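Please open the model in your viewer and keep the selection panel at hand. The tour below goes from one selection to the next and says what is to be found at each stop.

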Amino acid sequence: MTPILSFVVSKWQALSTSDHASVVSINLFVALLCACIVIGHLLEETRWMNESITALLIGLFTGVIILLVSGGKSSHLLLFSEDTFFIYLLPPIIFNAGFQVKKKQFFVNFITIMLFGAIGTLVSCFIISLGAFQFFKKMDVGSLDIADILAIGAIFAATDSVCTLQILNQDETPLLYSLVFGEGVVNDATSVVLFNAIQSLDISNVDARVALHFIGSFFYLFSTSTLLGVFVGLLSAYVIKKLYFGRHSTDREVALMILMAYLSYMLAELLDLSGILTVFFCGIVMSHYTWHNVTESSRVTTKHAFATLSFISETFIFVYVGMDALDIEKWSFVSDSPGTSVAVSAILLGLVMVGRAAFVFPLSFLSNLAKKSSGEKITFREQVIIWWAGLMRGAVSIALAYHQFTRAGHTQLRGNAMMITSTITVVLFSTMVFGLLTKPLINCLIPHPKHTTSMISDPATPKSLSVPLLGSAQESELDLAINRPSSIRALLATPTHTVHRYWRKFDDAFMRPMFGGRGFVPFVPGSPTERGGH
């Protein structure tokens, strides 16, 4: 028994030591997150150093210290897993984007946003994959097959427009902000859907049938993911409206909203759909219906809770990316050929810029052809800003690269290590260099933005309480009836505004009476009835 007891004791001590090390690592990481918030607040006035760049620099600085303390063995406090990113960190970021979106601008510019976010992402992926195939076969980058090359296209097609959005003012440049923001979210979703479709593609036998199956799979994932998000959002609105938890406990309302938002994402993952698209549209629907069915205190709580979770998740990711940039394990595989590593990163960065330009300017031209009003058209200066906003790469690219080229955060193949280090290099360079140049570029291109009126604002988001989806509170049915052309002629002349008008009528007549929303919540003492009333 003595050997067995001593074995158990030694294992227990090792486990205790491991637990203690984990607790120390988590404490240090939480302290780093606090430091990012404090330093980001101090640098906010300049608006040059946004939270993303601050978190990256703190991560890099911490990684250097850990490398020195560990004798060059590690630069990590925690080990990153792509599952951690996709299951815990990404959902609050994407849901909050949908929950806080300016819905009027998003849907009025929906066709242009989908052109940039979906079609543009496909074009960018194709160009990056084609360029990578042509260049990498002439270079010694390790063993990469066709599936890896296609995955590289999807990885680097995923943009991160946070830096630009933090500088743009959505009240001063509503069209530009809406396009950059909307494209960024749809781009993330499209990149992940595209990446997943590539994973299921049979590369060994590519023909027209396989290509059609791939296209069909892509659109199937896109549509079903969107419908699932809308369904869960409507279900949450109906349940909260009918049961009205707020009369007993606002805590239950908040808990139900948070859990159903997360449930939408996990259901999509369970059904092999796109969790990003599902949770984004769930956020839009919940902000339009569910949010108006809860008490005033629950509205304030949910708005700030979702924003806070999103902010912490983004900061966590960028701090980790900063530390992972110094990972000795990955760099040791490319240390014998630093020139090749730099060349690969430069080529990928160049392909990103070319791929971005290949769709932004042509699709902007097509979009402008369909718009008669000069105020709705995208100017060349705005096109340049849209192109620039999509040059930065971020957390989604990192997570997809880990998913494709590592196993549990580790890699043992030179080609895989080359792709991971190149991805990290592109993310660091684009975020810090392009990010720092964003403010002077925007100030140069838009020196005196014109202030717009409430026509563009959309207070139906959780930032305010007064306007229905896609509509202005001051816009009456009488206004809509004046000089209204026939339905078919209106649809052909102004398709977006015509669909908008009919959607509002349908929403007022059927959707909001059933699922709640502004002006359709029955009066109960302490209930969230609107002050203006309908």
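Begin with the largest cavity, whose volume comes to about 30 Å³, in what is a predicted model. To display its lining, select Ala-197, Ser-200, Leu-201, His-213, Phe-214 and Ser-217. If you then colour helix α9, which covers residues 208-243, you will have marked the element that gives the largest share of this lining, namely three residues. A search of the whole structure for cavities of 30 Å³ or more finds one. Such empty space is revealed by rolling a probe the size of a water molecule over the atoms.

Next, step back and show the whole chain as a cartoon, where you can follow 20 helices and zero strands. Of the 534 residues in the chain, 52% are buried. If you switch on contacts and keep those between residues at least 6 apart in sequence, 83% of them join residues at least 24 apart. With a surface drawn over the chain, the accessible area comes to about 24,500 Å², and 69% of that area belongs to carbon and sulfur atoms.

Now hide the surface and turn to the interior by selecting Phe-85, Phe-136 and Ile-152, which are the residues with the most contacts inside the largest nonpolar core, a set of 125 residues. Add helix α8, residues 174-199, since this helix gives the most to that core, with 14 residues. Apart from the largest core lies another one, made up of six residues, and you can find it by selecting Leu-234, Ala-237, Val-285 and Met-511, which are among its members.

Helix α15, residues 380-389, is a good next selection for looking at burial along a single element, as this helix is mostly covered, with eight of its ten residues buried. Display the side chains of Glu-382, Gln-383, Val-384, Ile-385, Ile-386, Trp-387, Trp-388 and Ala-389 to see which residues these are.

Finish with the cysteines: how many disulfides does a search of the whole structure find? The search finds zero. Select Cys-34 and Cys-36 together, and the reason becomes clear for Cys-34, because the closest cysteine sulfur to its own is the one in Cys-36, at 9.2 Å, which is too far for a bond. Cys-34 is also partly exposed, its relative accessible area being 43%. For a last stop, select Cys-444, which counts as exposed at 55% relative accessibility.

Terms used: Residues numbered from 1 in each chain as written. Predicted model: local features only at pLDDT ≥ 70, side-chain atom pairs only at ≥ 80, totals over all residues. Heavy atoms only, no water. Helix = DSSP H or I, 4+ residues; strand = E, 2+ residues; numbered from the N terminus. Buried < 20%, exposed > 50% of the residue type's maximum accessible area, 1.4 Å probe, protein only. Contact = heavy atoms within 4.5 Å. Areas by Shrake-Rupley, 256 points an atom, 1.4 Å probe, with all protein chains shown as cover. Core = buried A, V, L, I, M, F, W, Y, C linked by side-chain atoms within 4.5 Å. Disulfide = S-S within 2.5 Å. 1 Å grid on protein atoms, 1.4 Å probe; cavity = no way out; pocket = protein on both sides within 12 Å on 5 of 7 lines; lining within 4 Å. Points joined across faces, edges and corners; volume = space filled by probe spheres on them.
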